[in-house]
Each structure stands twice: as C-alpha cells, then as structure tokens.
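Work through the exercises below with the coordinates open, and write down your own reading before turning to each solution.

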Amino acid sequence: MRGRTPFAVLVVTLLSAGLLGLLMLNTALNEGSFTLSRLKRQTTEATDQQQTLQQQIAEQSAPDALERRARELGMVAGGDPVFLNPDGSVTGKARAAEDKPPVPRPSSAAPSDPAASPGASPSPGDPGIDLAPAPPAGAASGSPSGSPSGSPSAGAQR
C-alpha cells in the first residue's frame, strides 16, 4: 500500500495541475473574446460616425447648399468671365456683378405657359402643377373645344 500512495499523489497532482492549466487557458481565451467583441463594436460605431460625417460633407458640398451659403455671406454670381491675352488685350467685357435671384427649380416653380412647350407634358407628381381630374368617358365628346381637359390648351384656361 505504501508504494501506491506516492504514485496516487503524483497522479492527483498532475490532474489538478492540468485542470488548473485548462481553466487558465479558457479564461484567457474568453477575455480575448470579450476584448474582440468590444473592439468590433467600437469599429462599427466609428464606421457609422464616419459615414454620417461623409453624408454631411456631401450635403454641404452640393451646389444648392454652396449657393445658399454664398448668398448668406453676401456673395453674388460673377457673370461672364473676362480673359487677359498674352499680348495684353482683353477678351470679353468686364461688368460689375449683379445680384440676380436664383434660377427656380422645376418642382418649386409655377409652370409658365404649357402651350409654349407642346412636347412637354407635366407630370402628376409635380406639386406646382394643378391637373384637373379626367372627365368621364362619355363627357369627352361634349367639351366645347373638342379637346380633353388634360391637353396643354386646357391648362392655359386657368
């Protein structure tokens, strides 16, 4: 019996040391996993912030935004350029800059005479255009001008 006791203590000690080693290894791997997930979350947040900032830069760099900001600062359009040739002559005519209102956008501008552009038909989605509802199928022949109400000439009767 005495010969087996040191062997049993050695086996129990080795098994305990192996178990402790596995426990330490598992703890280190889990800690690395938590660190990795935290870093991934931070990377995602930083990427979202970068995309938001890039979108804000793109919005502020748009021609409409630049024009609006320039007008807020009191700037006006320069007009036609004048060039100085190598021989000292001037090409073009220099004039003072004039403050003109900006060109209206099609979506916000009231339509001019629709009869002036017969090929252009207004789209129903434009908020600045009043379209009369289409007449019933039998009422199209009863209109005095003989043209349906959706024609360009009907828009000029407003």
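**Exercise 1.** Determine how confidence is distributed along the chain, beginning with its mean pLDDT.

*Solution.* The mean pLDDT (the predictor's confidence in each residue, from 0 to 100) is 75 for the chain, with 61% of its residues at 70 or more. This is a predicted model, in which local features need pLDDT of at least 70 and side-chain atom pairs count only at 80 or more, while totals for chains, interfaces and linings use all residues. Residues are numbered from 1 along each chain as its sequence is written, and side-chain values use heavy atoms, with hydrogens and water left out.

Next, go to the elements, where helices (DSSP runs of H or I, at least four residues) and strands (E, at least two) are numbered from the N terminus. Confidence is highest in helix α1 (residues 4–61), at a mean of 94, and lowest in helix α3 (residues 152–155), at 45.

Finally, over residues 113–128 the pLDDT stays under 50, and the model has ten contacts (heavy atoms within 4.5 Å) for them beyond four places in sequence. Where pLDDT is low, the predicted coordinates should not be read in detail.

**Exercise 2.** Establish the order of helices and strands along the sequence.

*Solution.* Count first: the chain has three helices and two strands. Reading along the sequence then gives the pattern α-α-β-β-α.

**Exercise 3.** Is Phe7 buried or exposed?

*Solution.* Begin by locating Phe7, which lies in helix α1. Then apply the cut-offs for relative accessible area: buried is under 20%, exposed over 50%, and partly exposed in between, with a 1.4 Å probe and protein chains only. Phe7 counts as exposed because its relative accessibility is 56%. For the chain as a whole, 2% of the 158 residues count as buried.
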